[in-house]
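Welcome, and please open the model in your viewer. We will go from one selection to the next and look at what is there.

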Amino acid sequence: MSERAKLRICVIASSGGHLAQLLSLKESWRDYSAYYVSTSKSGAKKILDDYGRYYTVTDTGRSYVFKSLCTAFQCFRILLKEKTDVIISGGSAPGCLMSIIGKVFFRKRIIWLDSIANIKKMSLSGRIARHFTDICICQWEEVARKYKNVQYLGTVI
Amino acid sequence: MIFLTVGTLYPFDRLVEVVDQAVEKGYVRDEIFGQIGNTMNKPRNFPYVDSLEMDAYERHIREASAIISHAGMGTITTALRYKKPLLVMPREKKYGEIVNDHQIHTAEAFAKSGHVQVARTLADFAAKIVELKFFVPTQRRCNREAIVTFIKQYLGTVEKCKC
């Protein structure tokens with residue numbers, strides 16, 4: 001393989017809309033070596049079949065303290081195990097935890113794609129994660145204007 | 001067949017109940033199949049499962065004549081991809097159905113552009129469910145290419161730093 005194969009990408013998104021939106025950008029990292037992280041076994045199974053290596057982490061949200069701790073621990077373990085250069089996250093809470101851990105403990109590059117579902121303001125995950133990202137993209141022009149360093153480039157769907 | 005789906009993270013009793021009533025009162029004569037997650041009140045008038053594998057979920061969308069769901073992006077995008085008429089009821093924070101009211105905004109924005117039908121109340125739902133199968137959703141135009149190019153360029157610069 002060429003030198004391009006050296007770059008290793010972690011692609012993470014909760015199953016459902018987040019994952020669907022992020023995977024629609026799969027061409028972006030086609031030339032690199034990627035592994036995937038998602039939340040449900042069934043969602044991840046489809047990725048496993050079509051894309052490559054994957055990990056499952058516990059699905060969580062802002063109101064689940066214990067689950068969030070589990071998810072954070074799982075993300076930490078994945079980053080210890082996998083040599084990673086860039087984390088591309090499509091949200092929600094697990095993607096946010098991975099972004100924070102990736103930046104704070106592992107100094108990784110972080111790309112955040114906020115879901116098109118957030119029309120008035122960025123998701124809570126996005127608003128937290130954006131302080132740890134290198135690139136932060138949202139899908140509504142008016143939303144992007146509200147935050148520093150958040151870009152609008154169009155929508156993925 | 002009309003496919004009802006409410007996602008899997010939170011229950012959605014209000015929507016399941018409304019659909020159940022619509023069947024009972026005869027507003028809906030089509031067969032209905034539901035994916036109701038951990039909703040407490042189980043429907044009496046149509047068959048359902050708690051959750052579906054992603055493949056089965058997509059097959060149900062593909063085979064449905066119309067879809068009823070919460071205003072989740074997964075369902076909205078999948079329904080649009082298969083050009084299916086979709087009636088959404090947004091989850092609302094005041095009923096404890098979700099953590100914030102972003103689904104109301106999503107539903108309104110996508111209804112405004114003709115992609116989905118939206119119902120917020122029982123009365124509204126009853127009126128719209130009758131006409132749902134005649135609803136032809138507007139297809140979306142996106143600019144995914146711009147985002148792909150941007151990320152590609154960024155990864156290219158990261159790669160250069162690394163070499």
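Begin by selecting chain A, which has six helices and seven strands. Keep in mind that this is a predicted model. If you trace chain A from the N terminus, its elements run β-α-β-α-β-α-β-α-β-α-β-α-β.

Now zoom out until chain A fills the view. Its C-alpha trace spans about 40 × 40 × 30 Å along the principal axes. A compact globule of 157 residues would have a radius of gyration near 15 Å, and the 15 Å of chain A agrees with that. Of its 157 residues, 51% count as buried. Contacts also reach along the sequence: among those in chain A with a separation of 6 or more, 52% are between residues 24 or more positions apart.

Next, show both chains and turn to where they meet. Here 30 residues of chain B are in contact with 38 residues of chain A. To see the chain B side, select α2 (54-63), α3 (73-81), α4 (102-112) and α6 (144-162) of chain B, the elements that each give two or more residues to it. Which of them gives the most? That is α6(B), with 12 residues. Colour this side of chain B by class and you will find 15 nonpolar, eight polar and seven charged residues.

Stay with chain B and select its strands. Six of them form an open sheet with parallel pairing, in the order β3-β2-β1-β4-β5-β6. Why is one side of β3 (48-49) and of β6 (117-118) of chain B left without a neighbour in the sheet? Both strands stand at the edges and each has a single partner strand, so nothing in the sheet flanks the other side. For a closer look at one edge, pick strand β5 (residues 86-89) of chain B, which pairs with β6(B) in the parallel sense over two bridges. In this region Val88(B) stands opposite Val118(B) of β6(B).

For the last stop, select α3(B). Seven of its nine residues are buried, so this helix is largely enclosed by the rest of the structure. The buried ones are Met73(B), Gly74(B), Thr75(B), Ile76(B), Thr77(B), Thr78(B) and Ala79(B). What covers them? Show α1 (17-23) of chain A, then β1 (2-5), α2, β4 (66-70), β5 and α4 of chain B, which are included in the cover. Finally, step past the helix to Lys83(B), which follows α3(B) and has a positive phi, near 55°.

Definitions and conventions. Residues numbered from 1 in each chain as written. Chains lettered and ligands numbered in written order. Predicted model: local features only at pLDDT ≥ 70, side-chain atom pairs only at ≥ 80, totals over all residues. Contact = placed C-beta atoms within 7 Å. Helix = DSSP H or I, 4+ residues; strand = E, 2+ residues; numbered from the N terminus. Nonpolar A, V, L, I, M, F, W, Y, C, P; charged D, E, K, R; others polar. Pairing = 2+ DSSP bridges. Rg over C-alpha atoms; globule rule 2.2 N^0.38 Å. Buried ≥ 20, exposed ≤ 12 C-beta atoms within 10 Å, placed from the backbone.
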